[in-house]
Amino acid sequence: MRIVCIGGGPAGLYFALLMKKLHPEHSIRVVERNRPYDTFGWGVVFSDATMISMRQWDPESAAEIEDAFNHWDDIEVLFKGTRQRTSGHGFVGIGRKKLLNILQKRCEALDVELIFETDVNSDLDYPDADLVIGSDGLNSRIRNHYPEVFQPDMITRPNRYIWLGTDKLFDAFTFDFRRTEHGWFQSHIYKFDDKTSTFIVETTEEAYLAHGLDKMDQDGSIAFCENLFSEVLDGASLMTNARHIRGSAWLNFNRLICGKWSHFNGNSHVVLMGDAAHTAHFAIGSGTKLAIDDAIELTRQFQIHGHEKDKIPAVLETYEEIRRVDVARIQNAARNAMEWFEVVGRRYADTLEPPQFMYSMLTRSQRISHENLRLRDKDWLEGFERWFADKSGLAVGNDRCLPPMFTPYRLRDVQLINRIVVSPMAMYSAADGVMNDFHIVHLGSRALGGAGLIFAEMTCVTPDARITPGCLGLWNEEQARQWKRLVDFIHTSSAAKVGIQIGHAGRKGATKLAWEGIDQPLAEGEWPLISASAIPYLRNSQVPKAMDRADMERVKADFIRSTELAIETGADWLELHCAHGYLLSSFLSPITNLRDDEYGGSHQNRARYPLEIFRAMRAIWPADKPISIRLSCHDWTDGGNTPEDAAIFARMFKEAGADLIDCSSGQVSKEEKPVYGRLFQTPFSDKIRNEIGIPTIAVGAISEADHANSIIAAGRADLCAVARPHLADPAWPLHEAAKIGLTSIPWPKQYLSGKTQYETNLARAATTAPAK
Ligand SMILES: Cc1cc2nc3c(=O)[nH]c(=O)nc-3n(C[C@H](O)[C@H](O)[C@H](O)COP(=O)(O)OP(=O)(O)OC[C@H]3O[C@@H](n4cnc5c(N)ncnc54)[C@H](O)[C@@H]3O)c2cc1C
Ligand SMILES: Cc1cc2nc3c(=O)[nH]c(=O)nc-3n(C[C@H](O)[C@H](O)[C@H](O)COP(=O)(O)O)c2cc1C
């Protein structure tokens, strides 16, 4: 085969050398526009996994690379006058020039033809090539020649960064955060050879412009950064090797995804590799790793399918299929890490204390969890747990400290024993809105199961406010009496507190029980519906009446009566349901609220009625007990509310006296396209808690202690609500404690003999589990 790699970066060079080594008969050329040894950039970071495969595929170059590696374990963070360090993180770094030199030399030794100082225009410059590798980096001409084929999706990210170097040697991956009068700057610093460290400085567009960095030349920017980071530089200077960039050398990161990676141009097969096909932000340092992994995978596919020309289409297809998965995984983690650095100034730096700031930074990609941190640096994590427990008001001794999810939490005068909440879940099992033995056993057993706060399902303010005929209600004394039975049972038999979620179904009312057809209108016995606007939920749903002021007065009085009855039950906590497309949510969302009066249009207008209800409830609910608000923080549909809108509403509720925002999402429109996944709604809670400054509950796909601990520890929420896992296991918190080896969490005294056996069995299973 005749193979031409356009671009002699890590991707092109490594692929060329692997293919030549495996099949010396191939004619392989690498065409590079720069001179040999001439490159922009400083050090790159590798992972252990990539090194393992490089050793397998070409031990010669791997050995040289490993010789040149700088290995370090520690991360150090300078923040608000503190210097914190943790260990066990295992990075290796190498100079980009050194890496390319090793690869170039190895290519020469294997007889790969290296052509420098040749600027290629397109793949068509090489009509006799069987295979053209587009390894020409982010601004790939090869890719840009066929935009309709490769479908590049490039997003320019908002932050600015400048990639510098320094002679000062750092023995840890160092992050330094500095506040200026115009905002925060951060530097990412790591040593990559025995003389030099990479020094990347990053800030927001606003701070960059406010400091006039757009008008400064490179020397001006360097002087600015030297001054700002003088403490960490300790007299060392910064330098650039990007003199070819004219004007300001501050760049924006471009995130690239391609719809397709290969193409047949009539003569040759063309395939993208490395940065030409995808990019991953430097916050997790994986760009070079991805380029190398691409080169390895394409080579592996030739090994599997055969090195003949007619195998090329199958090779390219499986290469793309396999690499796409890994690239998406890394891009996801890189996105989380990148976004953390984009918002750090306005979200975390001013509000979090140094230990929590450090924790948040270490877990920014959400690939590193609480228990993972324990494996990396037990002493550091235990120190953090002690700090967190102390902040939560626990007496901290030398024993194993309670992990964050098991620390107590106080709101107004209500003290929760831990941070786990049984999330509200409709059970469709009431008659006439009255709680019965089912609810008492169901919710009572969850209280015995260890959660700190037990919510019952949405409890409706009138018969016509119910979702289904099986929903709970709180409009009469009998209902309040049965509710009180539950509250009394939980208070006398457990340490849990009880929350009532009060709501009105709005246009989603008068439907069948879930197991008879969720959201489907009742076949008989339906009642008239009301909503912000006269828009049915489903095509076959009843058209609701758009509420007029008289309806609003009536429904407000209903909410007030339910609140009064809730006081009689002795419950500890109220939640106002403003999510999931129900009545109050229908006012908040622009999809369901098309009103042109003072209750529609702007955020202020859309929130007017929900706030009116909230204020009326707050005025009578005891001052020592909290009220939370459940919001749909994302409608997941075009034209719907986004987390930005949710933050605006959260601020309004905060100003009206709400104590906490319970951050859910969706169920407002049937057109929604939610992106599910582990902890998928936690970012909304993180945003609202840290940007608006109000406590939050995170909810949604939180299914292990490790998830909850990571969320609470990083300050992404104050509490974690767990719904479906509590259906599967009423004692979810007690069992999760046992699974992480925490034996100090009390079980109900009646169940004590089960505790030791459960813990012993778990410990035995752990020691006899086959090694992975
Ligand atoms: C600030 C910053 C920090 C980074 N830090 C890290 C890190 O720590 N770890 C990490 O793994 N990655 C890091 N990266 C990313 C990394 O540099 C790239 O992801 C990696 O180099 C991709 O390799 P590549 O071979 O695909 O492309 P490149 O390395 O970009 O190579 C492409 C080559 O093609 C040549 N070329 C382009 N057009 C033509 C043409 N028309 N004709 C001939 N030649 C051409 C270019 O001169 C270049 O040599 C960082 C990037 C930035 C911007
Ligand atoms: C059966 C069921 C009923 C639910 N009913 C309610 C409800 O009454 N009120 C509410 O706000 N959310 C309700 N939800 C949503 C949950 O409270 C929770 O937000 C959601 O299930 C995501 O959490 P999970 O991933 O832990 O299940 C319900 C969820 C389930 C599974």
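I call a residue near a molecule if one of its heavy atoms lies within 4 Å of it. I am reading a predicted model, where local features need pLDDT of at least 70 and side-chain atom pairs pLDDT 80 or more. I number residues from 1 along each chain as its sequence is written, and ligands from 1 in the order in which they are written.

**Ligand 2**

I looked up the surroundings of ligand 2 and found 17 residues. S423, P424, A426, A701 and R724 come nearest. By class, I count 9 nonpolar, 5 polar and 3 charged residues in this shell. Here Ala, Val, Leu, Ile, Met, Phe, Trp, Tyr, Cys and Pro are nonpolar, Asp, Glu, Lys and Arg are charged, and the others, Gly among them, are polar. β21 (453-460) and α24 (724-728) each give the shell at least two residues. I take helices (H or I, at least four residues) and strands (E, at least two) from DSSP runs, numbered from the N terminus.

Next I checked polar contacts, pairs of N or O atoms within 3.5 Å. R724 puts a polar side-chain atom 2.6 Å from an oxygen atom of ligand 2. A polar backbone atom of A701 is 2.7 Å from an oxygen atom of the ligand. For A426, a backbone N or O atom lies 2.8 Å from a nitrogen atom of ligand 2. Alone, ligand 2 exposes 610 Å², and the protein buries 82% of that (Shrake-Rupley method, 1.4 Å probe).

**Helices α16 and α18**

I then turned to α16 (residues 477-493) and α18 (residues 549-569). Their axes, lines fitted to C-alpha atoms over the stretch in contact, are 8 Å apart at an angle of about 40°. The two helices are therefore oblique to each other, that is, outside the ranges under 35, over 145 and 65 to 115 degrees.

Note on methods
Heavy atoms only, no water. Polar contact = N/O pair within 3.5 Å; in protein donor to acceptor, adjacent residues only side chain to side chain. Axes fitted to C-alpha atoms, helices over the stretch in contact; angles between N-to-C directions.
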